[in-house]
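Got the viewer open? Let's take a short walk through this one, selecting a piece at a time.

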Amino acid sequence: MQHKTRIALTAIGLIGLSLAAQAQDGEKYITLASTTSTENSGLFDAIIPQFTEVTDIDVRVVAVGTGQAFEIGRRGDADSLLVHDTAGEKRFVEEGYGAERADVMYNDFVIIGPSGDPAGITDAETVAEALTLIAETEAPFASRGDDSGTNRAELRLWDSAGIEPSGEWYRELGSGMGATLNTAAAMDAYVMSDRATWVAFDNRQNLELLFEGDEALFNQYGSILMNPERFPHLKHDLAEQWHEWLLSDEGQQAIADFEVKGQQLFFPNAKQ
Amino acid sequence: MSTDAGAFMTALTLILGLDPYLLDIVALSLRVSLSAVALAALMGLPLGAALALWRFPGHAALVVALNALMGLPPVVAGLCVYLLLSRAGPLGELGLLFTPAAMVVAQVVLVMPIIAALARQQVQELHQEYHEQLASLGLSRLRMIPTLLWDARLGLVTVILAGFGRASAEVGAVMIVGGNIDGVTRVMTTAIVLETSKGNLPLALGLGIVLLGLVALINAAAYLMGEMARRRQG
């Protein structure tokens with residue numbers, strides 16, 4: 001009986017170890033910390049295979065909010081970053097975590113809301129006016145509240161409209177873009193989204209795009225290379241190939257060619 | 001079509017069409033959770049048995065701690081393992097973060113306390129029942145462990161299934177330490193979260209139905225094995 005137990009335990013252990021060992025592999029890849037907007041819209045599924053075909057390097061995307069992406073970078077857990085908070089990106093390089101940052105592409109933020117538009121923001125001239133109308137009518141507004149690039153941009157817009165959003169109507173959800181849109185749809189709230197996630201989003205219910213086009217809603221994405229002196233263990237050579245490819249004509253074209261429902265979602269603007 | 005009807009259709013199409021995306025995710029989910037449960041059982045069963053047989057200072061505290069850890073929120077386990085395996089952490093050198101191995105480690109942390117705590121209970125009951133017989137055989141407590149574990153095996157299968165249920169159902173830990181990387185660390189639960197956030201509710205629910213079916217299959221297999229063993233004994 002005793003050795004039966006031992007056999008059983010050994011077998012269990014061997015199964016566990018062999019399964020866990022299988023999980024390791026040796027192909028060429030980099031880890032990219034990026035945002036939920038790029039992942040959720042399907043951009044990476046479209047462009048990464050093109051990069052892999054040329055270089056034989058796979059890009060493993062960890063899609064999180066921009067704040068968390070910076071944290072992953074600071075801890076040395078990603079080989080490169082593709083995020084959208086230009087001020088934060090420059091700080092990241094100045095503080096010595098990143099070696100280089102470059103503009104890659106842009107799209108814009110849009111204000112989504114219930115089709116009835118209780119605050120009447122469709123007639124607003126500027127995004128500041130639209131936000132003021134929402135705050136004055138105290139119509140429910142769903143904020144990401146997760147320190148993501150979109151959240152940081154939203155807070156800057158409230159700030160420049162001279163409003164400190166607070167109260168029952170202003171709900172901080174602490175969720176990703178898609179989850180926030182799901183919640184906004186359920187409670188008929190206004191919400192600021194990046195255009196890419198909105199266009200690709202399928203559970204709109206009563207939500208509609210109500211305000212767009214103000215220059216203040218510009219949303220710039222940047223690619224960051226990590227500092228090799230600070231993080232000697234990272235795959236800098238491979239990451240540099242990715243970074244260069246994104247900025248190359250080929251990479252820029254791949255970004256421009258990506259469409260969802262017949263709409264181009266990201267506009268390349270790397271400085272040549 | 002309503003969302004729920006759509007979900008069943010989606011689930012059916014996924015299963016019947018042997019969708020390669022789905023197959024990859026299912027295979028990885030099983031690999032991660034089964035290896036985590038196996039490793040957790042390897043540590044948890046002897047630990048539980050030892051706690052049932054030995055009394056020492058701090059024994060009660062250890063038992064309570066183990067029981068409390070059964071309720072450890074997965075996201076907390078994930079965060080601890082993340083800090084441990086991150087490059088800036090003590091085990092960063094291993095480079096395990098954002099790999100399936102990291103997900104196995106996180107799930108072992110979640111499952112081990114369940115297996116150990118429940119095994120302790122089962123073995124303790126058996127031990128109370130057969131204490132005198134075992135003692136008359138002159139067995140030391142160390143040698144009683146395998147004997148008692150073997151005698152308790154039918155109940156321990158349920159214990160291991162409870163562990164598997166926890167491992168395959170959790171999302172918080174694998175999301176943080178795995179990163180939900182397409183084709184590398186994306187499992188059933190993280191795929192469901194992703195599809196939900198895309199607003200693709202039918203696919204999300206469809207994946208949920210597939211996951212539920214899979215867990216039911218494994219439980220049915222364990223039940224049948226138990227019945228067969230019982231009949232042979234009976």
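Start by selecting residues 26-222 of chain B: an unreviewed UniProt entry lists this span as "domain: ABC transmembrane type-1". Keep in mind as you look around that this is a predicted model. Colour your selection by secondary structure and you'll find 79% helix and 0% strand. Now pick the C-alpha atoms at the two ends of the span; they sit 19 Å apart.

Next, stay in chain B and pick out helix α2 (residues 20-53) and helix α7 (residues 153-169). Their axes are 9 Å apart, and the helices pack at an angle of about 135 degrees. That angle is not over 145, the cut-off for roughly antiparallel, so α2(B) and α7(B) count as oblique to each other. The crossing of this pair is right-handed. To see who does the touching, show the side chains of S29(B), S33(B), A36(B), V37(B), A40(B), A41(B) and L45(B) on α2(B). On the α7(B) side, show L156(B), I160(B), G163(B), F164(B), A167(B) and S168(B). What classes of residue make up the contact of α2(B) with α7(B)? Nine are nonpolar, four are polar and none is charged.

Here's another pair to try. Select helix α4 (residues 74-85) and helix α5 (residues 100-136), both in chain B. Their axes come within 9 Å and cross at roughly 130 degrees, which makes α4(B) oblique to α5(B). α4(B) passes α5(B) in a right-handed crossing. From α4(B), the contact uses P74(B), A77(B), G78(B), V81(B) and L85(B). From α5(B), look for A102(B), V105(B), A106(B), V109(B) and L110(B). Sort the residues of this contact by class and you get nine nonpolar, one polar and no charged.

Time to hop over to chain A. Select residues 30-250 of chain A, which UniProt lists as "domain: PBP" in an unreviewed entry. This span is 41% helix and 27% strand, and its end C-alpha atoms lie 19 Å apart.

Last stop: show both chains and look at where they meet. Here 35 residues of chain A are in contact with 33 residues of chain B. Which elements of chain A give two or more residues to the side that touches chain B? They are α1 (2-22), α2 (36-41), β2 (58-64) and α8 (177-187) of chain A. Highlight α1(A), which gives the most, with 12 residues. Then colour that whole side of chain A by class: 14 residues are nonpolar, 15 are polar and six are charged.

Key: Residues are numbered from 1 along each chain as its sequence is written. Chains are lettered from A and ligands numbered from 1 in the order in which they are written. This is a predicted model: local features need pLDDT of at least 70, side-chain atom pairs count only at pLDDT 80 or more; totals for chains, interfaces and linings use all residues. Axes are lines fitted to C-alpha atoms, for helices over the stretch in contact, and angles run from 0 to 180 degrees between N-to-C directions. Helices (H or I, at least four residues) and strands (E, at least two) are DSSP runs, numbered from the N terminus. Angles under 35 degrees count as roughly parallel, over 145 as roughly antiparallel, 65 to 115 as roughly perpendicular and the rest as oblique. A crossing is left-handed if the near helix is turned anticlockwise from the far one by less than a right angle, and right-handed if clockwise. Two residues are in contact if their C-beta atoms, placed from the backbone, lie within 7 Å. Ala, Val, Leu, Ile, Met, Phe, Trp, Tyr, Cys and Pro count as nonpolar, Asp, Glu, Lys and Arg as charged, and the others, Gly among them, as polar. UniProt positions are given in the numbering used here, feature names are shortened, and annotations may be inferred rather than shown by experiment.
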